[in-house]
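Grab a coffee and work through these exercises with the structure open beside you. Each one sets a task and then walks through a solution.

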Amino acid sequence: MTSKYGIIGGGIAGASIAYHLSQRTDDPVVLFERQSPASETTYKSVAQYGFYGDETQYRMKRYGMKLYNEFFRDHRVNPRYTSMGILTVSTEPDNARRMQEAIQKGGDSYFGKMGMGFDRDLVEYLDGGEIKEKLLLPPVDDEPIKGALFRPKVGYMDRPQELAYEFLERAKEHGVDVHSNTAVAEVTTEGDQATGVITEEGEEIELDEVICAAGPWNTEIAESVGVELPVKHTMAPILVLQPDDQSDYTLPAISHFESPYAFHRRSEDEFLIGYNPGDVYDDAGRLDPNTMSEKVPEEIRNEGIELLGKLVPDLIDAKVVEEWVGIRSITPDKNPVVGWTELEGFSIAAFHTSGIQLAPAVGKMIATQVLDDDPGDYYENLSIARFDGYTDYRT
Ligand SMILES: Cc1cc2nc3c(=O)[nH]c(=O)nc-3n(C[C@H](O)[C@H](O)[C@H](O)COP(=O)(O)OP(=O)(O)OC[C@H]3O[C@@H](n4cnc5c(N)ncnc54)[C@H](O)[C@@H]3O)c2cc1C
């Protein structure tokens, strides 16, 4: 079999790349997914969408939001978005004061977790005492909360996998060949050039461009062709909780500034407890997605539930009905690593988390590079060559 463009991975990244290529070329595009599309990180995502991050990310998210607006208006499958805002609470008076100063002064790198920067307009500081005067949060105990930042312009995709399906349906309408349950076993090379892939069934496919969008498998696949990625992993466990009573209000997501825990609503009657150790690139390692247990480690489970009990006591008796452990890919500077690598014909799409929000712009950038031989708008901030010791074949 020959094709022109081959994509490894059918998560949100591979799906967006397939869609963007399909909108621009009639040349054959083939996508390989070792399982069902979007059944890995994309499925396990909390899928929040919010305008924080540096200017590059802000602009990428605007592109993504515009495209998702088009998708929701005329959808092929069943994506859903819920707007709810996020409240980042501090239980330490010193941090609460710094939050307040950051808002008054207009930015503080200490609050990187909130991603202050380019988009600072819709963030409000709330003193502990005024939280319940300004927001409807009946079950929240505001006593331990010394201060909080509220970002209203944040929501979440209820079923992020549906967004990947949406990309794929549209890509298929334009001729993309999607092979589910087809794992790529090898990327073939000749000299300094990628030439195709071999599937686990032994089928060889010649390709002009191999695009690796394999989520947590990216590092291993890239290494197999001699490309080292500045990408590490952190564990991303989730507990799904079901309270006894359905609530008749929508809580914002609540993130605890002093710990890695956050609480999110998932549906009418389910909440998630998530764990994100943050931007810990130097201390992080690589996790093996093939052997990762789906069970949330006991310590994280207990700490998360205990904190939830402190901040939202009404939920303390909620039952854990589901759990999983995803892998968050992270980069040294919090931006994705996208596009050309040192191996000609082998491109990469790897995120620093945030893939649900950034995949649309990433798909567009890859299409620009492989179809137009043009680095694209975000090259300086997304190319692997921005890091010391890394190059792409064009630099
Ligand atoms: C718990 C959690 C919470 C998150 N919260 C958010 C959030 O709030 N907002 C946000 O924007 N992002 C969030 N993220 C990050 C976001 O979900 C990811 O960045 C995004 O889903 C990654 O998509 P992907 O397509 O790169 O990877 P994946 O979805 O993992 O897709 C990669 C695909 O490649 C396939 N594959 C691997 N190897 C091969 C092979 N050899 N051959 C064929 N196929 C292969 C896999 O089966 C997989 O389906 C979160 C992630 C987690 C885990």
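**Exercise 1. The shell around the ligand**

By class, how many nonpolar, polar and charged residues does the shell around the ligand have?

*Solution.* A quick caution before starting: this is a predicted model.

Step 1. Sort the shell by class: there are 16 nonpolar, 17 polar and five charged residues.

Step 2. Now look at who gets closest. Of the 38 residues surrounding the ligand, the closest are Gly9, Gly11, Gly215, Gly326 and Gly355.

Step 3. Trace the shell back to its elements. At least two residues each come from helix H1 (12-24), H2, strand E14 (232-242), strand E18 (319-330) and H9.

Step 4. Check the domains too: domain 1 and domain 2 each put at least three residues into the shell.

**Exercise 2. Two domains and their contact**

Work out how the protein is divided, and which elements domain 1 uses to touch domain 2.

*Solution.* Step 1. Mark the bounds. Domain 1 covers 5-78 + 159-231 + 333-386, while domain 2 covers 82-155 + 235-327.

Step 2. Put a distance on it: the centres of the two domains, taken over C-alpha atoms, are 29 Å apart.

Step 3. Count the residues in the contact, which takes 16 from domain 1 and 22 from domain 2.

Step 4. Stay on the domain 1 side. Helix H2 (41-44), strand E3 (48-50) and helix H3 (55-73) supply at least two residues each. E3 gives the most, with three residues.

Step 5. Finish with the classes: that side of domain 1 has seven nonpolar, five polar and four charged residues.

**Exercise 3. Finding the cores**

Locate the largest nonpolar core and follow one of its residues, Ile8, through its contacts and its strand pairing.

*Solution.* Step 1. The largest nonpolar core has 66 residues, and Ile8, Ala18, Cys212 and Ala349 have the most contacts inside it. Helix H9 (residues 355-372) brings the largest share, nine residues.

Step 2. There's also a second, separate core of 36 residues, with Leu239, Ala262, Tyr275 and Leu287 among them.

Step 3. Back to Ile8. Beyond its neighbours within four places in sequence, Ile8 contacts Phe32, Val184, Val197, Val210, Cys212, Ala213, Ala214 and Ile221.

Step 4. Phe32 turns up again in the pairing: strand E1 (residues 5-8) and E2 run parallel over four bridges, and Phe32 in E2 is the bridge partner of Ile8.

Step 5. Look along E2 itself. In a regular strand the side chains alternate between the two faces of the sheet. In strand E2 (residues 29-32), Val29 and Leu31 point one way and Val30 and Phe32 the other, and all are buried.

**Exercise 4. Gly155 in its strand**

Which residues stand opposite Gly155, and is Gly155 buried or partly exposed?

*Solution.* Step 1. Place the residue: Gly155 sits in strand E8.

Step 2. Take one partner strand. E3 pairs with strand E8 (residues 154-157) in the antiparallel sense over three bridges, and Tyr49 stands opposite Gly155.

Step 3. Take the other pairing. Strand E4 (residues 81-83) is also antiparallel to E8, over three bridges, and here Ser83 stands opposite Gly155.

Step 4. List the touching residues, skipping those up to four places away in sequence: Tyr49, Tyr81, Thr82, Ser83 and Met84.

Step 5. Decide on burial. Gly155 is partly exposed because it has 18 other C-beta atoms within 10 Å, and buried takes 20 or more.

**Exercise 5. Two positive phi angles**

Find where Ala47 and Thr353 lie, and say what phi each one has.

*Solution.* Step 1. Recall the background: most residues other than glycine have a negative phi.

Step 2. Ala47 isn't a glycine, yet has a positive phi of about 60°. Look for Ala47 in the loop between H2 and E3. Ala47 counts as buried because 23 other C-beta atoms lie within 10 Å.

Step 3. Thr353 isn't a glycine either, and has a positive phi of about 40°. Thr353 lies in the loop between strand E20 (346-350) and H9. With 23 C-beta neighbours inside 10 Å, Thr353 is buried too.

**Exercise 6. Ile384**

Is Ile384 buried or exposed, and what does Ile384 touch?

*Solution.* Step 1. Find Ile384 in the segment after helix H10 (379-382).

Step 2. Count neighbours: Ile384 has 25 C-beta neighbours inside 10 Å, so Ile384 is buried.

Step 3. Leaving out residues up to four places away in sequence, Ile384 touches Pro230, Val337, Thr341, Ile348, Tyr390 and Asp392.

Definitions and conventions:
Residues are numbered from 1 along each chain as its sequence is written. This is a predicted model: local features need pLDDT of at least 70, side-chain atom pairs count only at pLDDT 80 or more; totals for chains, interfaces and linings use all residues. Domain bounds come from an automatic or database domain assignment. Ala, Val, Leu, Ile, Met, Phe, Trp, Tyr, Cys and Pro count as nonpolar, Asp, Glu, Lys and Arg as charged, and the others, Gly among them, as polar. A nonpolar core is a set of buried Ala, Val, Leu, Ile, Met, Phe, Trp, Tyr and Cys residues joined through C-beta atoms within 7 Å. A residue is buried if 20 or more other C-beta atoms lie within 10 Å of its own, exposed if 12 or fewer, and partly exposed in between; C-beta atoms are placed from the backbone. Two residues are in contact if their C-beta atoms, placed from the backbone, lie within 7 Å. A residue is near a molecule or strand if its C-beta atom, placed from the backbone, lies within 6 Å of it. Two strands pair if DSSP finds at least two bridges between them.
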